[in-house]
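User: I'd like to learn how to read cysteines and nonpolar cores in a model. Could you walk me through this one?

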Amino acid sequence: MKLTLVGKRYLDTIYQIPSFVQNETNPAIVLGKQYGGMHNVNTLKIKDLEINLLPDGEKQAIILEEREKGVRSSITWDETPSFGRSFQDPRNNPDWFHVMYVDDMENTERLLDVKPKMSLDFCTTTPREKFKDIIDASELVFDSRERKHLYANIKTTTPLVFHDKYGCEVIVEGTVEYEGQTKPIEDLLVNGAGDIFAVLFLHEYYTRSLHEAALFTPAKTTSELIRRQYEKVQHAHPSSG
């Protein structure tokens, strides 16, 4: 599967706290700066998956990870807007085109000209009615389960995939057709979890089925987050033996 990821290039500054307490002083650990968004998934090691990045503008983000709750929040601002380029990518003739994140881009009407199969991911609470034409033109739409209410007035045949730390559900024309579960892991860092979930889901869907993608992707995402966290610990505290 040749997968092209398009979206703004994020530069994340990541802070970690046990649990955020509003109106109080919250001491944090600074985990550092790194590229986020599409860069959260370009190192995934999946057989028969080739990922190509197509940045479209740049953004800064402050990421706040609450370790005890297994959640993250962000504050973002634009460095440069979307470039306004055509999304036709002649470099690798992709099988699939995944947009990260459509509600964070300008001139989104360009997406209606995309030829390969396309999926969308969202990251804000912008009313989804604004994106109805693009949703209808897509094969899949991804969003967090917390933002499910934003689709209450969206009538579409495009499957909607809602996910959170407990699993996912696939809604087709108002009906939950498939579900998958996973068990939240205590103290697991979850920055990038939604990006990882979407790419793993797309690969399962492309190579297997929508049902199997919903069933297996939540647990695979958790396993990938555990692997990454373990590697970070090993890198920070290498064995002396």
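Analyst: Happily! Let's start with C123: its sulfur lies 20 Å from the closest cysteine sulfur, in C168, which is too far for a bond. This is a predicted model, where local features need pLDDT of at least 70 and side-chain atom pairs count only at pLDDT 80 or more, while totals for chains, interfaces and linings use all residues. Residues are numbered from 1 along each chain as its sequence is written, and side-chain values use heavy atoms, leaving out hydrogens and water.

User: How many disulfides does the structure hold?

Analyst: A disulfide is a covalent bond between the sulfur atoms of two cysteines. Here the cut-off is a pair of cysteine sulfur atoms within 2.5 Å, and the structure holds zero.

User: Is C168 buried or exposed?

Analyst: Buried means under 20% relative accessible area, exposed over 50%, and partly exposed in between (1.4 Å probe, protein chains only). C168 is buried, at 1%, whereas C123 is partly exposed, at 28%.

User: Which residues touch the most other members of the largest nonpolar core?

Analyst: In soluble globular proteins, nonpolar side chains tend to be buried together. A nonpolar core here is a set of buried Ala, Val, Leu, Ile, Met, Phe, Trp, Tyr and Cys residues joined through side-chain atoms within 4.5 Å. The largest has 36 residues, and L3, L5, L140, F142 and F201 touch the most other members. Its largest share, eight residues, comes from α2, a helix (a DSSP run of H or I, at least four residues, numbered from the N terminus). Apart from this core lies another, of 21 residues, including M105 and F131.

Definitions and conventions
Helix = DSSP H or I, 4+ residues; strand = E, 2+ residues; numbered from the N terminus.
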